[in-house]
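Here's a quick walk through this one, sheet first, then helices and a few individual residues. Have the structure open as you read.

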Amino acid sequence: MSARTFGPPRPSTCTPSRAARELGLKRTEFDLAVHLGHIRTVPDEGGGGGRRVERAEIDRLRAEGDFPESLRRRVQVVGTAEGAALLDIPVGRFGRLARLGLLAPVMFYLNRYRTVVWLYPAEEVRQFAADPQNAHLLTGRTPQTLRGRLAAGVDLRARNWRGRRLGHLLRQAEDPWARAGAVAALLAPVEVAGVVQDPYERACLNRFRPAPPGHGAPGSPSAHLVERITTAQDADEIGWLRSELARSVAEARDASPAPRPAVRRAPRAPRSVARPIPPMAPTVTGRLEQWTVVRSTADTAKHPVPAPLPAEQPAPNVQPPAWTSRSCVRPPRSAGRPAARHVARDNGPVGAAPPGVPRGLRAWLRRRNPRPVPPERV
């Protein structure tokens, strides 16, 4: 096998700054040309989310007639005053046409008074003036229907700018999730959460969601004003974007589901082995043959021992007799070792005590050493 792997040759590309210099454009003009779709870009294969321009695209633009004046004419923008001069109408009428949505802005910025300044493509303004169907809008009285909409406070400049931005983001999106993120970029986070319920899909959507254009420090009044412009405000626009977002997310889900963490099963706990229960020690309520009763000769003569029961018949559960002392009860001994016999220790003769005489060690000592009788007192 070869040590090297040869693939198809990659097209030669360059950075946007170098492409702008070779095309004779300023960087803002180059960005506007990309935003309008006049210059095609490709994703940067090196990573980082940047864009690059192929050498073939630069050669195509340079091969056009009257280059670079034709390209500069297409990226030229005008404000309200310059646009009114191109249409040869008052500035107020130009502003009313823009609020009615007849002229769509392509850029905006905030001046030092925090006022929004809209910019329009000069080529589109010339095309609007050259169209015969718009002649009644440039001269004479504004139609009654349009005047009623203006009196109601309609202003479609921000909405038309959002439409242009959505088209630009969709042209650059090359992945189903990237197209869904482009639609989500014009909705508030609350609206996105209402459409996409799965948190893992929302995380994947936010990964491909383009950042809004930055104007001012975060949290400043300028940033809040720009956020209001870049986010859908009208109810019909929000409803349309929500439906488009749901459709885009469904297509992205079918193409490649959102990544999720791997499910790890907990290891099973080892089963404990049952241990045998140790045998219980004998109790005093056991069988009668388990106990050995040792009595003295006098007790044997007075109370004879009953004959043992046959081995095949179980012995009844009989409690020891009341006259048996605790010291006479002994636990059973092993079969191999004979039980020791109890020998009564007494210095005197063994026999039954006369009736009425106390028995025991103290009585025996009294009988052995009687107390001296004291003399009678006179």
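**The hairpin and its sheet**

Strand 5 and strand 6 make a hairpin with 5 residues between them, and Arg114 in the turn has a positive phi of about 60 degrees. Keep in mind that this is a predicted model. The hairpin belongs to an open sheet of 3 strands, and the points below go from there to the helix contacts, one buried phenylalanine and the cysteines.

**Sheet layout**

- The strand order in this open sheet is 4-6-5, and the pairing is antiparallel.
- Strand 4 (77-78) and strand 5 (107-110) sit at the edges, each pairing on one side only.
- Strand 5 and strand 6 (residues 116-121) run antiparallel and are joined by 4 bridges.
- Want some pairs to click on? Met107 has Leu119 of strand 6 as its bridge partner, and Tyr109 has Val117 of strand 6.
- Helix 14 packs on the sheet, where it touches strand 5 and strand 6, and its direction makes about 160 degrees with that of strand 5.

**Two faces of strand 5**

- In a regular strand, side chains alternate between the two faces of the sheet.
- On strand 5, Phe108 and Leu110 make up the covered face, while Met107 and Tyr109 make up the uncovered one.
- So Met107, the bridge partner of Leu119, has its side chain on the uncovered face of strand 5, and the alternation is the general pattern for a regular strand.

**Helix 10 against helix 14**

- The axes of helix 10 (residues 157-172) and helix 14 (residues 221-230) come within 8 Å and cross at roughly 70 degrees.
- Because of that angle, helix 10 counts as roughly perpendicular to helix 14.
- Ala158, Trp161 and Arg162 make the contact from helix 10, and Arg228, Ile229 and Thr230 make it from helix 14.
- By class, the residues of this contact are 3 nonpolar, 1 polar and 2 charged.

**Helix 11 against helix 13**

- Helix 11 (residues 176-184) packs on helix 13 (residues 199-207) at an angle of about 85 degrees, with the axes 8 Å apart.
- That angle makes helix 11 roughly perpendicular to helix 13.
- Helix 11 brings Trp177, Ala180, Gly181 and Ala184 to the contact, and helix 13 brings Glu201, Cys204 and Leu205.
- Sorted by class, the contact of helix 11 with helix 13 has 5 nonpolar, 1 polar and 1 charged residues.

**Phe94**

- Is Phe94 buried or exposed? Phe94 has a relative accessible area of 0%, so it counts as buried.
- Phe94 lies in helix 6 (residues 91-99).
- Beyond its neighbours within four places in sequence, Phe94 is in contact with Gly79, Thr80, Gly83, Ala84, Leu87, Ile89, Leu103 and Tyr120.
- Leu137 is 43 residues from Phe94 along the chain, and their C-alpha atoms are separated by 9.8 Å.

**Cysteines**

- How many disulfides does the structure hold? The structure holds 0 disulfides.
- Cys14 counts as buried, because its relative accessibility is 3%.
- Cys204, one of the helix 13 residues in the contact with helix 11, is also buried, at 8% relative accessible area.

Notes. Residues numbered from 1 in each chain as written. Predicted model: local features only at pLDDT ≥ 70, side-chain atom pairs only at ≥ 80, totals over all residues. Heavy atoms only, no water. Axes fitted to C-alpha atoms, helices over the stretch in contact; angles between N-to-C directions. Parallel < 35°, antiparallel > 145°, perpendicular 65-115°, else oblique. Contact = heavy atoms within 4.5 Å. Nonpolar A, V, L, I, M, F, W, Y, C, P; charged D, E, K, R; others polar. Disulfide = S-S within 2.5 Å. Buried < 20%, exposed > 50% of the residue type's maximum accessible area, 1.4 Å probe, protein only. Pairing = 2+ DSSP bridges.
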